[in-house]
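Visitor: I am new to this structure and would like a close look at a single part of it. Please pick out one strand and show how the rest of the chain is arranged around it.

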Amino acid sequence: MIIDKIKNAYKYYRLHPGFATAFEYVVNNELIEMEAGSYEVDKKNVYCMVSNKKGRKKEESKLEFHRNYVDIQIVLNGTETIGWKSVLDCHQLERSYDETSDMGLYSDTPVNWLTLKPGTFAIFFPEDAHSPMVADDFVHKAVLKVAL
């Protein structure tokens, strides 16, 4: 997992060729003006999902995990708390991995919680189970999915 400010995104371009494409999309588009939905950035290699939803309580959240995509999560408006736990330490499978949605769920309790505000991002790799959308209010966010 990585957490940082958008202005430092260029430092992570070398980690994956799709990161430059994803972050350039963020910089070159007014994501906050975009309607909720999914947007193709680079065919199936990079796409962007914009949402504006009411957050949930920590105790309602589940840890999701992915195998084929890395998540770059960016808060556009509001404050979001995201739980984290290593997939290797998760043992309470809630929903088996589904290849079509590239997602499975654990009901384990996160070991760390991080807070994202506008101007910051978090990157979650397949080894990072994460529990997004914990908030008291609405969270307007973008999730860029980068294929491995």
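Guide: What follows starts with the chain as a whole, turns to one strand, and then moves outward from there.

The model is a predicted one. Its chain has 1 helix and 12 strands. In sequence order, the elements follow the pattern β-α-β-β-β-β-β-β-β-β-β-β-β. The C-alpha trace spans about 40 × 30 × 25 Å along its principal axes. For 148 residues, a compact globule would have a radius of gyration near 15 Å, and the 14 Å of this chain agrees with that. Of the contacts between residues at least 6 apart in sequence, 77% join residues at least 24 apart. Buried residues account for 51% of the 148 residues. The chain exposes about 8100 Å², and 48% of that area is supplied by carbon and sulfur atoms.

The strand to look at is E12. In E12, 9 of the 10 residues are buried, so the strand is largely enclosed by the rest of the structure. E12 is joined to E3 by 9 bridges, and the two strands run antiparallel. It is also joined to E5, by 8 bridges, and this pair runs antiparallel too. One residue of E12, His140, helps to locate both pairings. Asn52 has His140 as its bridge partner in E12, and Asn77 stands opposite His140 as well. In a regular strand the side chains alternate between the two faces of the sheet.

These strands also contribute to a nonpolar core. In soluble globular proteins, nonpolar side chains tend to be buried together. Here the largest nonpolar core has 23 residues, and those with the most contacts inside it are Phe19, Leu31, Ile72, Phe121, Ile123 and Leu144. At least two core residues come from each of helix H1 (17-28), strand E3 (46-54), strand E5 (69-77), strand E10 (120-124) and strand E12 (138-147). H1 gives the largest share, 5 residues. Another core lies apart from this one; it has 10 residues, including Val75, Trp84, Leu114 and Ala122.

Leu31 shows how the main core draws on separate stretches of the chain. Beyond its neighbours within four places in sequence, Leu31 is in contact with Tyr25, Val26, Cys48, Val50, Leu76, His140 and Ala142. His140 therefore appears again: it is the bridge partner of Asn52, and it is one of the residues that Leu31 touches. Cys48, another contact of Leu31, is buried, with a relative accessible area of 0%. Cys90 is buried as well, at 6%. A search of the whole structure finds 0 disulfides.

Two residues elsewhere in the chain deserve a note on their backbone. Most residues other than glycine have a negative phi, and most peptide bonds are trans. Lys43 is not a glycine, yet has a positive phi of about 50°. Lys43 is found in the loop between strand E2 (37-42) and E3, and is exposed, with a relative accessible area of 61%. Met133, also not a glycine, has a positive phi of about 65°. Met133 is found in strand E11 (residues 128-134), and is buried, with a relative accessible area of 8%.

To return to the strand chosen at the start: E12 pairs with E3 and with E5, and supplies at least two residues of the largest nonpolar core.

Definitions and conventions: Residues numbered from 1 in each chain as written. Predicted model: local features only at pLDDT ≥ 70, side-chain atom pairs only at ≥ 80, totals over all residues. Heavy atoms only, no water. Disulfide = S-S within 2.5 Å. Buried < 20%, exposed > 50% of the residue type's maximum accessible area, 1.4 Å probe, protein only. Core = buried A, V, L, I, M, F, W, Y, C linked by side-chain atoms within 4.5 Å. Helix = DSSP H or I, 4+ residues; strand = E, 2+ residues; numbered from the N terminus. Contact = heavy atoms within 4.5 Å. Rg over C-alpha atoms; globule rule 2.2 N^0.38 Å. Areas by Shrake-Rupley, 256 points an atom, 1.4 Å probe, with all protein chains shown as cover. Pairing = 2+ DSSP bridges.
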